[in-house]
Amino acid sequence: MGDIRKSHYDKTTGYQRHFQCPTCISEAENDPTRFCSPYECPEEIPTKRFSAPTRILPIKEHEELKECIHEINQLLLAFADERDPHLLESFRLKVKSMRGHFVTVHVLCGKDETHIEGELSDAGKDFLIIDHSNQNFFVPYERICNINHSEMNEHMTGRHGRELANLNDCCRRELMLNFGEVVAANPFLINLFFGMRLNKFLCAFLKSDICVVTKDKGEKKGCLLAVEEANLTLGINESKETIAFEEICFIKE
């Protein structure tokens, strides 16, 4: 944020000077009233607030309009191409709403159907993440036949919309002032805000051991050496094996 400057009145010299937005200070120095800044915050100017109306139509007409729009949207979805990216994005947002729920995902692997159970951790643009006994499963959408999920109970985390609830002031300040830089450096934050494709997300696991389950060749365990748009490369013993994403049923971390 070095290019963003603020005007500050210097009481000692009696003239205005400029300074760059200060960087975050340490946790130990942090004063909650200063939002992790070494400088005093300016006084808040009292401002009247006016709430905007939630609707311009009478309640009955508003509800009828909402129902009509919903019916039209459902009709359009019925005629939509299943590969339509907008439809896929709607599916991703629906799946993300189930984060923290215990789910059973029915995965079609070749001619067989496999069931993966666990907590739905997150959803990318073309895959979802299931946490089963502290092991992550990455499942491509195109392999999913069905998803069954349980209603929330005291054993579920219910993380939907609360991923950033426990951030300290310094992290919040960094996100506010350096959003692009902070998010771009963390694939989990990129996926949280924008969604990532599986091939991009797996780049965070380069040089890590993973297990790839394919529809024809079964399980392949090895070190993830490279990830490209259409395939990935595993180091198995002293050899390398390239696996196409279209052959992958799911991946275990």
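Begin at the pairing of β6 with β12: select both strands, which run antiparallel and are joined by 2 bridges. Within this pairing, select F137; its bridge partner in β12 is K252. The model on display is predicted, and its confidence deserves a look before the tour proceeds.

**Confidence and overall composition**

Colour the protein chain by pLDDT. The mean is 76, and 72% of the residues reach 70 or more. Then select residues 1–22, where the pLDDT is below 50. Beyond near neighbours in sequence, this stretch has 29 contacts in the model.

Switch to a cartoon of the whole chain, in which the secondary structure comes to 6 helices and 12 strands. Of the 253 residues in the protein chain, 32% are buried. Among contacts between residues at least 6 apart in sequence, 48% join residues at least 24 apart.

**The sheet**

Return to β6 and β12 and extend the selection to the sheet that contains them. It is an open sheet of 10 strands with antiparallel pairing, and its order reads β7-β3-β4-β5-β6-β12-β8-β9-β10-β11. Which strands stand at the edges? They are β7 and β11 (239–244); each has a single partner strand, so one side of each is left without a neighbour in the sheet. Viewed from one strand to the next, the twist averages 40°.

**The nonpolar cores**

Next, display the side chains of V105, L128, I130, V139, I147 and F250. These residues have the most contacts inside the largest nonpolar core, a set of 20 residues. Several strands each supply at least two residues of this core: β3 (102–109), β4 (112–123), β5 (127–132), β6 (135–140), β7 (144–149), β8 (209–214) and β12 (248–252). The largest share, 4 residues, comes from β3.

Centre the view on I147 and show its surroundings. Leaving aside residues up to four places away in sequence, I147 touches F91, V95, M98, V103, T104, V105 and L128. Another core lies apart from the largest one; it has 19 residues, and F205, I236, F245 and I248 are among them.

**The aromatic cluster**

Now select the aromatic rings. The count comes to 6 aromatic pairs in the model. Start with F138 and F201, an edge-to-face pair with 5.7 Å from centre to centre and 75° between the planes. F138 lies in strand β6 and F201 in helix α6 (residues 198–201), so the pair ties together parts that are 63 residues apart in sequence. Are these two residues buried or exposed? Both F138 and F201 are buried.

Keep F138 selected and add F205. This second pair is tilted, at 5.5 Å centre to centre with 55° between the planes. It likewise links distant parts of the chain, since F138 is in strand β6 and F205 is in the loop between α6 and β8, 67 residues apart. F138 and F205 are both buried. Add F127 to complete the view: F127, F138, F201 and F205 form one aromatic cluster.

**Helix α3**

For the last stop, select helix α3 (residues 169–177). Its buried residues include C170, R173, L175 and L177. To see part of what covers the buried residues of α3, add α4 (179–184) to the selection.

How values were computed. Residues are numbered from 1 along each chain as its sequence is written. This is a predicted model: local features need pLDDT of at least 70, side-chain atom pairs count only at pLDDT 80 or more; totals for chains, interfaces and linings use all residues. Side-chain values use heavy atoms; hydrogens and water are left out. pLDDT is the predictor's confidence in each residue, from 0 to 100. Contact means heavy atoms within 4.5 Å. A nonpolar core is a set of buried Ala, Val, Leu, Ile, Met, Phe, Trp, Tyr and Cys residues joined through side-chain atoms within 4.5 Å. Buried means under 20% relative accessible area, exposed over 50%, partly exposed in between (1.4 Å probe, protein chains only). Two strands pair if DSSP finds at least two bridges between them. Axes are lines fitted to C-alpha atoms, for helices over the stretch in contact, and angles run from 0 to 180 degrees between N-to-C directions. Rings of Phe, Tyr and Trp (its six-membered ring) pair if their centres lie within 6.5 Å; planes under 30 degrees apart count as stacked, over 60 as edge-to-face and the rest as tilted.
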